[in-house]
Amino acid sequence: MTISAENLTWKIGQTTIVDSVSLKAEPGKMLGLLGPNGSGKSSLLRLLAGLRKAHSGTVTLDGKDLRTIKRNAIARRVALVEQHANTESNVKVRDVVKLGRIPHHPPLGGWTKADDEVVDGALARVGMSDRHEQYWQSLSGGERQRVHIARALAQAPTEMLLDEPTNHLDIQHQIELLRLISDISLTSIIAIHDLNHAAMFCDHLVVLQKGRVVAHGTPEAVLTEDLLRDVFRVEARIVTSPHHGKPHIHYLR
């Protein structure tokens, strides 16, 4: 099962935000989206989730045009974790996670023991089981992010799209979350700022600049000193980490 895009373009007025982007997420692998702020990563994820309509190009799910698939059917397969998802309602953590089960129920379908087990498992995976009765407004930014991940896991998706999921998390939970996503048997596309984390956890990378793909491939092929200089405007040296065998970036002062 896989999600892909072909020549995807999306604009705001006369400004092109996503410009002829093509990509393919490999089944069961993690695809990282890299690029400076404003490069189109968040907009691309919303297009891939079917939440925005492209001006041209197509998104396909298992080779089927996303526009021909019913919204509820997409929601049963594709989970989106947005960067700034929030709610003004002071609901309990468990109730937020339970929202992930909505696509799996008919309009008059009742809650089941199996749903409870899925929700419990999702909370446990993100380390929030002991907070399930806590109210949303009492949570820190990092805790809220972990609850949103749990909500997405409760959807039992086969594809997960994540927009900067490690924002607001301390380093321990950043690593734990990325390890969790990489270990789950699903296809994931993740927009991420930390290039060393991308190198450690992503199987393939797509680099965006001003809405266009400027590089794609394995971390070893994509993360070069020239690319860091040209796209991210930083000087760095790249070595192979003796700990995990992936590229490690040393930024220069």
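Between which two strands is the loop that holds Ser241 found? Ser241 is found in the loop that runs between β11 (236–240) and β12 (247–251). The legends below refer to a predicted model.

**Figure 1. Overview of the chain in the predicted model.** The chain is built from 9 helices and 12 strands. Its radius of gyration is 19 Å, close to the 18 Å that the globule rule gives for 253 residues, so the chain is as compact as a globular protein of that length. Taken along the principal axes, the box filled by the C-alpha atoms is roughly 55 × 40 × 30 Å. Of the 253 residues, 48% count as buried. The exposed surface of the chain comes to about 12,500 Å², and carbon and sulfur atoms supply 50% of it. Among contacts in the chain with a separation of 6 or more, 62% are between residues 24 or more positions apart.

**Figure 2. Close-up of Ser241 in the loop between β11 and β12.** Ser241 has a relative accessible area of 8%. Because this value is under the 20% cut-off, Ser241 counts as buried. The side chain of Ser241 reaches the backbone nitrogen of His244, at 3.5 Å. When neighbours within four places in sequence are left aside, Ser241 is in contact with Lys246 and His248. Of these two partners, His248 falls within the residue range of β12 (247–251).

**Figure 3. Close-up of Val59 in strand β4.** The strand that holds Val59 covers residues 56–61. Val59 is buried, and its relative accessible area is 7%. Leaving aside neighbours within four places in sequence, the residues in contact with Val59 include Ile3, Ser4, Ala5 and Leu8. Leu47 and Leu48 are also in contact with Val59, as are Lys64, Asp65 and Leu66.

**Figure 4. Val59 and His243 shown together.** Val59 and His243 are 184 residues apart in sequence. In space, the C-alpha to C-alpha distance between Val59 and His243 is 37 Å. Val59 belongs to strand β4.

**Figure 5. Close-up of Lys98 and the ring of Trp111.** The charged end of Lys98 sits over the ring of Trp111. The distance from this charged end to the centre of the Trp111 ring is 4.7 Å. As for pairs between aromatic rings, a search of the whole structure finds 0.

Technical notes:
Residues are numbered from 1 along each chain as its sequence is written. This is a predicted model: local features need pLDDT of at least 70, side-chain atom pairs count only at pLDDT 80 or more; totals for chains, interfaces and linings use all residues. Side-chain values use heavy atoms; hydrogens and water are left out. Helices (H or I, at least four residues) and strands (E, at least two) are DSSP runs, numbered from the N terminus. Buried means under 20% relative accessible area, exposed over 50%, partly exposed in between (1.4 Å probe, protein chains only). A polar contact is a pair of N or O atoms within 3.5 Å; within protein, one must be able to donate a hydrogen and the other to accept it, and residues adjacent in sequence count only if both atoms are side-chain atoms. Contact means heavy atoms within 4.5 Å. Rings of Phe, Tyr and Trp (its six-membered ring) pair if their centres lie within 6.5 Å; planes under 30 degrees apart count as stacked, over 60 as edge-to-face and the rest as tilted. A charge sits over a ring if NZ of Lys or CZ of Arg is within 6 Å of the ring centre and within 35 degrees of the ring normal. The radius of gyration is taken over C-alpha atoms; the globule rule is 2.2 Å times the number of residues to the power 0.38. Accessible areas come from the Shrake-Rupley method with a 1.4 Å probe; for residues, only the protein chains shown count as cover.
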